[in-house]
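Thanks for coming. I have one structure to go through today, so please bring it up on your screens.

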Amino acid sequence: MLLAVDVGNTQTAIGLFTGPQLTGHWRMATDQQTTADEVHLTLHGLLELAGYRDEQISGMALSSVVPPLTDIWEEVSARICGTAPVLASVATAPWVSLSYDNPEEIGADRIADTVAALDTYGAPVVVVDLGTATNIEVIDREGSFVGGIIAPGLVTSTNALFAAAARIPRFDIIEPRSVLGKTTRDAVRSGLLYGEVDRIDGLVHRIWDELGYRTRVIGTGGLVSTIADLSTTIETADPNLTLRGLRIIYERNQG
């Protein structure tokens, strides 16, 4: 069995694959202060609750945008699998065509998204990955990664507003009763939630204008369930896209 791990700045997504089948998946908070012992213990508990054992894991595929935790997960992989994980990067996905000034700058999660999007949906396709940052990846008609957009994510914008505005108390961001807020809470919810949705839709339209044609638009990431239904451009919510990309990268690197 393969363990696919996507370490983001806020959340870490974990997927368990038996062949191409995703048989288990979990999300845990990303903590840069955590130790390999703590990660191993948490992972052991998640597997055990789902009816699996550590020794059933034969390999790990890893995407990480948090360098200190890359080392931690590499140690956990050595403990569980006896081998280093396959790290998602431009080097481990050389079949992906990249039209980018400095390909080494492309984040591991963006590479995994691109691999899975091409495999599942074909080209052209735009991926909107909704996490700490809102990442948009653009694959053109020729199947080449031609660039993208990185912006603050919904939670990041929300935390920044609450931190800067002393009179606005913290509360959950859910869909308000109407666009025009009748309370401060609904006004803030409208601005943050619909503002994020309209920013994404506006950026996608700008991408289409620059490409000269429309594409499929796939949403993924931890916040996709919050945003996708409100968007007019995201046609498919695929929360496990990144994990499937990691599986493909792992398998193709096994020869």
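Helix 2, residues 67-81, lies across strand 1 (2-7), strand 2 (11-18), strand 4 and strand 5, and runs at about 175 degrees to strand 4. Lying across implies contact, meaning heavy atoms within 4.5 Å. Axes are lines fitted to C-alpha atoms, for helices over the stretch in contact, with angles from 0 to 180 degrees between N-to-C directions. Helices (H or I, at least four residues) and strands (E, at least two) are DSSP runs numbered from the N terminus.

This is a predicted model: local features need pLDDT of at least 70, side-chain atom pairs count only at pLDDT 80 or more, and totals for chains, interfaces and linings use all residues. Residues are numbered from 1 along each chain as its sequence is written, and side-chain values use heavy atoms, leaving out hydrogens and water.

Helix 7, residues 241-252, also lies across strands 1, 2, 4 and 5, at about 125 degrees to strand 1.

Now the sheet. It is open, with five strands in the order 3-2-1-4-5 and mixed pairing; two strands pair if DSSP finds at least two bridges between them. Strand 3 (21-29) and strand 5 (86-87) are the edges, each pairing on one side only. Strand 4, residues 59-64, runs parallel to strand 5 and is joined to it by two bridges. Leu62 has Leu87 in strand 5 as its bridge partner.

Last, Tyr100, in the loop between strand 6 (97-98) and helix 3 (108-121). Tyr100 touches Glu105, Ile106, Arg110, Phe145 and Gly147, leaving aside residues up to four places away in sequence. Its C-alpha is 9.5 Å from that of Ser144, 44 residues apart along the chain.
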